[in-house]
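Me: I'm new to this structure and would like to learn how to read it. Could you take me through it one feature at a time?

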Amino acid sequence: MCGRYASSRGPEDLAGIFEVEKWEPEESLEPDYNVAPTKEVYAVLDRPLKDADDPRPVRQLRRLKWGLVPSWAKTPDGGARMINARAETVHEKPSYRRAFAARRCIVPADGYYEWVTGSAERQLEVEGKKKRPRKQPYFVLPADGSVFAMAGLYEFWRDRTLPDEHPLAWWVTCSVITTEAETTPLADAPEGGPRSLADIHPRMPLMLTPDRWDAWLDPARTEAEELRPLLEPPPAGLLRAYPVSTAVSNVRNNGPELLKELDGPEESTLF
């Protein structure tokens, strides 16, 4: 799954990486090293500009709320639970299929966090000696230091309790697509740690390699048969993972120190 990630790149950097044509300086976000559901996040999308005569889709960097609210929802309350969409079923689930057909985006990140319970901790839980085992967080990122381009969907929701001119009348929300975690060896796997992403968690965000960006963002592509091949996981060996401080487990903690690589897990022998 993807429940927390880091995003420290500025809009100028992201605009260059994704060849963005339009972004508003007032929509800039501060670097966030502990992005959690319901926060505002950057998303890259192709869409005609509002009130423009030219119907051509324009690549934009937008600020969206993480947690998708379907257009037909009566309230936005379920958005916090819809931060992830499964690649295997996104084309058919009522909450996601319309967005999958017409409103796809890229959610850029430095990488994402995932938590693993070590074997010793799990055994204590089995024996009833520890009800809440401590989990070790890992940071997963591209091995070459490039941007982690997570496949996403976005949607518009109208708050009917507000007048049209109200700045909060329209919500623009997003979800990150996940896929089965890689079972192949990680790049630079830490000694004594997980050997693959599947050792950490059975799911992972779907990372789009640059050769798929244009096709994924193209709103003219609407047929599921044409889009589903884009949901194939990236080639193996592109990602690495390393242990980070358990401070990241508290969403109130936020700073570059959360990305500091530890020499090993904070708990004794996890694997």
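**Cysteines, cores and pockets**

Reply: Let's start with cysteine 2, which is buried, with a relative accessible area of 0%. Buried means under 20% relative accessible area, exposed over 50%, and partly exposed in between, using a 1.4 Å probe and protein chains only. Before we go on: this is a predicted model, where local features need pLDDT of at least 70, side-chain atom pairs count only at pLDDT 80 or more, and totals for chains, interfaces and linings use all residues. Residues are numbered from 1 along each chain as its sequence is written, and side-chain values use heavy atoms, with hydrogens and water left out.

Me: How many disulfides are there?

Reply: The general idea is that a disulfide is a covalent bond between the sulfur atoms of two cysteines. The rule used here asks for a pair of cysteine sulfur atoms within 2.5 Å. By that rule the count is 0.

Me: Why does cysteine 2 have no bond to cysteine 174?

Reply: Cysteine 174 holds the closest cysteine sulfur to that of cysteine 2, but the distance is 10 Å, so it is too far for a bond. Cysteine 174 has its own closest cysteine sulfur in cysteine 105, and because that one is 5.5 Å away, it is too far as well. Cysteine 174 also counts as buried, at 1% relative accessibility.

Me: Now the nonpolar cores. Which residues of the largest one touch the most other members?

Reply: A nonpolar core is a set of buried Ala, Val, Leu, Ile, Met, Phe, Trp, Tyr and Cys residues joined through side-chain atoms within 4.5 Å. The largest here has 31 residues, and Tyr5, Trp66, Tyr112, Met150, Tyr154 and Leu197 touch the most other members. Several strands each supply at least two residues of this core, among them strand 3, strand 6 (104–109), strand 8 (135–142) and strand 12 (239–243). Strand 9 gives the most, with 4 residues. Strands (E, at least two residues) and helices (H or I, at least four) are DSSP runs, numbered from the N terminus. There is also a second, separate core of 30 residues, which includes Val20, Ala85, Tyr96 and Ala151.

Me: What is tyrosine 112 in contact with?

Reply: Contact means heavy atoms within 4.5 Å. Leaving aside neighbours within four places in sequence, the partners of tyrosine 112 include Cys2, Tyr5, Phe139, Leu197 and Met204.

Me: And serine 196: is it buried or exposed?

Reply: Serine 196 is buried, at a relative accessible area of 5%. Look for it in the loop between strand 10 (170–180) and strand 11 (203–205). Its contacts, again without neighbours within four places in sequence, are Glu182, Thr183, Thr184 and Leu186.

Me: Where do I look for positive phi values?

Reply: Try two loops. Glutamate 19 has a phi near 55°, a positive value in a residue other than glycine. This glutamate is in the loop between helix 1 (11–18) and strand 2 (32–35), and counts as exposed at 61% relative accessibility. Threonine 38, not a glycine either, has a positive phi of about 80°. You'll find threonine 38 between strand 2 and strand 3 (40–47), and at 40% relative accessibility it counts as partly exposed.

Me: How do I read empty space?

Reply: Rolling a probe the size of a water molecule over the atoms shows where empty space is left. On a 1 Å grid over the protein atoms alone, a cavity is a set of points where a 1.4 Å probe fits but cannot get out, while a pocket is an open set with protein on both sides within 12 Å along at least five of seven lines; lining residues have an atom within 4 Å of a point. Grid points are joined across faces, edges and corners, and a volume is the space filled by probe spheres set on the points.

Me: What is the volume of the largest pocket?

Reply: It is about 840 Å³. Of its 26 lining residues, Glu27, Arg62, Arg63, Trp170 and Val172 are the closest to its centre. Strand 4 gives the most to this lining, with 6 residues. The second largest pocket holds about 160 Å³, and its lining includes Pro142, Asp144, Trp213 and Leu238.

Me: How many cavities of 30 Å³ or more are there?

Reply: The count is 1, with about 40 Å³ of space. Its lining includes Pro11, Trp23, Tyr42 and Leu61, and strand 4 (residues 58–66) supplies the largest share, 3 residues.
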